[in-house]
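Please walk through this protein chain from model confidence to its core and then to two backbone details.

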Amino acid sequence: SLLGKIARHDVDAPNIIDGAILSIEIAGRVRYFEADGLAAAADGRIFVAEIKSFPVADGQFDAEKMGAAEDQAAWYILVCRHALKLLGLPTNVVSDIGYIILPKNTGLTPTLLKRDLAARTRNAQRLLEGTPDVSKMGALGAGLRYPDPAATDPEDRVIAVEKMMDAVGTAYEPSCLQDCGMSRLCR
């Protein structure tokens, strides 16, 4: 609803939505994303902001981490546009320009990097369109359903995930340790 207020230029629309929760259907299921920030500019455009902890040191940054941050911001652009479309509002108010906010050097001074994310957003759209509907896919096999978290002991949930990973396989890489909560289990 806040995103709609910004897009409609409502007088009570916020300038910034900190931690905006957005949803989109992926593979036949609704998924939720939390953008670090959505900001409205004076010209009525909406910009995505992504905050990361890796630094800009002497004008340089880790290119792999920046690429991942740009991909993440591109998905937020895509999901924002989807949300506006569902509200019957124009999607072109969401800019292809995103902002990545990083600490400068070893201090906590924020640095704002303006990035053109149009190509990454188009790539995210292609990935989304190519995702199969999981409800139309065959089962993984007997006993490979993820148990209801509310009704299952955490240890039993880990065992269920291990069985799924054994059946399906994994694609672990050392860089997974930085970004994925399942990396140690996958490894």
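The paragraphs below take confidence, the nonpolar core and two unusual phi angles in turn.

This is a predicted model, in which local features need pLDDT of at least 70 and side-chain atom pairs count only at pLDDT 80 or more, while totals for chains, interfaces and linings use all residues. Residues are numbered from 1 along each chain as its sequence is written, and side-chain values use heavy atoms, with hydrogens and water left out.

The chain has an average pLDDT of 85, and 94% of its residues score at least 70; pLDDT is the predictor's confidence in each residue, from 0 to 100. Among the elements (DSSP runs numbered from the N terminus: helices H or I of at least four residues, strands E of at least two), helix 2 (residues 63-86) has the highest mean pLDDT, 93, and helix 5 (residues 176-179) the lowest, 75. Where pLDDT is low, the predicted coordinates should not be read in detail.

The largest nonpolar core holds 35 residues. Such a core is a set of buried Ala, Val, Leu, Ile, Met, Phe, Trp, Tyr and Cys residues joined through side-chain atoms within 4.5 Å; buried means under 20% relative accessible area, exposed over 50%, and partly exposed in between (1.4 Å probe, protein chains only). Residues with the most contacts inside this core include Leu3, Leu84 and Leu102. Helix 2 gives the largest share, 10 residues.

Two residues that are not glycine have a positive phi: His9, at about 65°, and Asp58, at about 55°. His9 lies in the loop between helix 1 and strand 1 and is exposed at 53% relative accessibility. Asp58 sits in the loop between strand 3 and helix 2, and is exposed at 71%.
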